[in-house]
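Got the structure open in your viewer? Then let's take a walk around, one selection at a time.

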Amino acid sequence: MTVRHFTPEGMLQPVPYHHVAVGTGAKHVHVSGQIARQADGTPVAPDDLAGQVAQALRNTAIGLEGAGASFADVLRLTFYVTRWSPEKIGDFMAGVEAVAEEIGLRLPLPPASLIGVDYLFEPDVLVEVEATALLD
């Protein structure tokens with residue numbers, strides 16, 4: 001499987017993700033929305049956006065690994081963040097950067113969308129991460 005991430009000249013730069021991913025492979029992996037919970041359901045980093053982003057990405061890594069994939073195989077990430085406002089980008093990116101090396105998430109990110117929402121799963125959930133990967 002090959003995934004190539006890039007940002008063509010003429011597209012908005014700099015951004016913390018690549019605009020384009022091209023994947024060649026036959027097996028699609030979709031990891032559902034991961035939140036900042038331990039396997040037993042214990043909340044992680046209540047009221048801490050950076051901490052929740054980091055934990056949700058760790059959980060996403062576990063899902064990818066379970067399917068035989070890694071962040072190197074990810075075509076696209078989607079982040080849902082409650083009560084989003086542009087002032088939160090620093091905390092959001094701090095969470096990404098804090099865990100990137102640990103989970104093998106290269107920066108800039110693969111193509112990604114950050115979508116602001118009113119409410120997720122339960123009131124203490126600030127962020128949810130979904131991933132799509134491609135394997136041979």
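Start with some vocabulary: on a 1 Å grid over the protein atoms alone, a cavity is a set of points where a 1.4 Å probe fits but cannot get out, while a pocket is an open set with protein on both sides within 12 Å along at least five of seven lines; lining residues have an atom within 4 Å of a point. Points are joined across faces, edges and corners, and a volume is the space filled by probe spheres set on them.

This is a predicted model, where local features need pLDDT of at least 70, side-chain atom pairs count only at pLDDT 80 or more, and totals for chains, interfaces and linings use all residues. Residues are numbered from 1 along each chain as its sequence is written, and side-chain values use heavy atoms, with hydrogens and water left out.

**Stop 1: the cavity**

How many cavities of 30 Å³ or more does a search of the whole structure find? The search turns up 1. The largest cavity holds about 40 Å³ of space. To see its walls, select Ile35, Ala36, Arg37, Pro43, Val44, Ala45, Pro46, Gln52, Asp124 and Val125. That lining splits into 7 nonpolar, 1 polar and 2 charged residues (Ala, Val, Leu, Ile, Met, Phe, Trp, Tyr, Cys and Pro count as nonpolar, Asp, Glu, Lys and Arg as charged, and the others, Gly among them, as polar).

**Stop 2: a salt bridge**

Keep Arg37 selected and add Glu122: their side chains meet in a salt bridge, 3.0 Å from N to O. The term means a side-chain nitrogen of Lys or Arg within 4 Å of a carboxyl oxygen of Asp or Glu. Glu122 sits in the loop between β5 and β6 (127-135) and Arg37 in the loop between β3 (27-34) and α1, so the pair ties together parts 85 residues apart in sequence. Helices (H or I, at least four residues) and strands (E, at least two) are DSSP runs, numbered from the N terminus. In the whole structure, the search finds 3 salt bridges.

**Stop 3: two helices**

Now select α1 (residues 49-66) and α2 (residues 89-103), which pack at about 35° with axes 7 Å apart. Axes are lines fitted to C-alpha atoms, for helices over the stretch in contact, and angles run from 0 to 180 degrees between N-to-C directions. On the α1 side, contacts (heavy atoms within 4.5 Å) include Leu49, Val53 and Leu57, and on the α2 side Phe92, Val96 and Val99 are among them. This contact has 11 nonpolar, 1 polar and 3 charged residues.

**Stop 4: the pocket**

Phe92 also helps line the largest pocket, along with residues including Tyr17, Trp84, Met93 and Leu114. About 160 Å³ of space lies there. α2 and β5 (112-117) each give at least two lining residues. The lining has 10 nonpolar, 1 polar and no charged residues.

**Stop 5: backbone oddities**

Most residues other than glycine have a negative phi, and most peptide bonds are trans. Zoom in on Gln13 and Pro14, joined by a cis peptide bond with omega about -10°. Leu107 to Pro108 is cis too, with omega near 0°; Pro108 is in the loop between α2 and β5. Finish at Ala45, whose phi is positive at about 55°, and Phe121, where phi is near 25°.
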